[in-house]
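Here is a short report for a reader new to this structure. Please look over the sequence and the model before reading on.

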Amino acid sequence: TLVFPPDTDTPGLAEEKKHQPAEYRILSDGFATLSPEAVAKDIIKAVERRRYVVVPGFDGKMLMLLCGVLGSGAYPIVDYLVAGARRKAEALAGAKA
């Protein structure tokens with residue numbers, strides 16, 4: 001079974017957030033952080049159903065569906081989102097300076 005867990009509310013994520021680039025924080029703010037229990041529940045349910053790929057949470061499922069439908073057409077969308085996050089991060093950094 002291959003699991004693609006989202007941000008999960010753990011001490012490890014709290015530590016990771018201290019070191020994440022601003023662009024990543026800006027992008028990830030748009031997605032839900034799941035509890036470890038919710039992630040575990042989705043994984044167990046998928047394994048019981050003999051699913052090969054497990055994507056816990058609604059946000060991840062929608063993203064995977066979008067990428068499946070668009071294929072490589074998703075790349076320009078991701079590029080656009082990252083560029084917007086980069087501009088926002090630069091603006092925030094400039095405001096702090």
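The report takes up two helices, a loop residue, a pocket and two single residues.

## The model

This is a predicted model. Residue numbers start from 1 along each chain.

## Helix 3

Helix 3 covers residues 36-48. That makes 13 residues. From its first C-alpha to its last, helix 3 reaches 18 Å, close to the 18 Å expected at 1.5 Å a residue.

Which residues of helix 3 are buried? They are Val39, Asp42 and Ala46. Seen down the axis of helix 3, these buried residues fall within an arc of 65 degrees, so they line one face of the helix. The other side of helix 3 has exposed residues: Glu37, Lys41 and Glu48. The cover over the buried residues of helix 3 includes strand 2 (53-54) and helix 4 (58-70).

## Arg50, after the helix

Arg50 follows helix 3. Its place is the loop between helix 3 and strand 2. The phi of Arg50 is positive, near 60 degrees, and Arg50 is a residue other than glycine.

Is Arg50 buried or exposed? Arg50 has a relative accessible area of 77%. Exposed means over 50%, so Arg50 counts as exposed.

## Helix 5

Helix 5 spans residues 74-96. It has 23 residues. Helix 5 reaches 33 Å from its first C-alpha to its last. That is close to the 33 Å expected at 1.5 Å a residue.

In helix 5, Ala74, Ala85 and Ala89 are buried. What do the buried residues of helix 5 pack against? Their partners are helix 2 and helix 4.

## Lys88

Helix 5 also holds Lys88. This residue has 48% relative accessibility. Partly exposed runs between 20% and 50%, so Lys88 counts as partly exposed.

Lys88 can also be placed relative to Pro5. The two are 83 residues apart along the chain. Their C-alpha atoms are separated by 26 Å.

## Glu23

Glu23 is in helix 2. Its relative accessibility is 23%, and so Glu23 counts as partly exposed.

Which residues is Glu23 in contact with, leaving aside its neighbours within four places in sequence? The contacts are Ala85, Arg86 and Ala89. Two of these names have come up before: Ala85 and Ala89 are buried in helix 5. Helix 2, where Glu23 is found, is one of the elements that the buried residues of helix 5 pack against.

Leu92 offers another reference point. Glu23 and Leu92 are 69 residues apart in sequence. In space they are 11 Å apart, C-alpha to C-alpha.

## The largest pocket

Rolling a probe the size of a water molecule over the atoms shows where empty space is left. The largest pocket has a volume of about 740 Å³. How many residues line the largest pocket? The lining has 27 residues. Tyr24, Phe31, Asp59, Gly60 and Leu63 lie nearest the centre of the pocket.

Helix 2 (22-28), helix 4 and helix 5 each give two or more residues to this lining. The largest share comes from helix 4, with seven residues. By type, the lining residues of the largest pocket divide into 20 nonpolar, four polar and three charged.

Helix 4 therefore appears in several places in this report: it helps cover the buried residues of helix 3, packs with the buried residues of helix 5, and gives the largest share of the pocket lining.

Technical notes
Predicted model: local features only at pLDDT ≥ 70, side-chain atom pairs only at ≥ 80, totals over all residues. Heavy atoms only, no water. Helix = DSSP H or I, 4+ residues; strand = E, 2+ residues; numbered from the N terminus. Expected span 1.5 Å × (residues − 1). Buried < 20%, exposed > 50% of the residue type's maximum accessible area, 1.4 Å probe, protein only. Arc of directions from axis to C-beta. Contact = heavy atoms within 4.5 Å. 1 Å grid on protein atoms, 1.4 Å probe; cavity = no way out; pocket = protein on both sides within 12 Å on 5 of 7 lines; lining within 4 Å. Points joined across faces, edges and corners; volume = space filled by probe spheres on them. Nonpolar A, V, L, I, M, F, W, Y, C, P; charged D, E, K, R; others polar.
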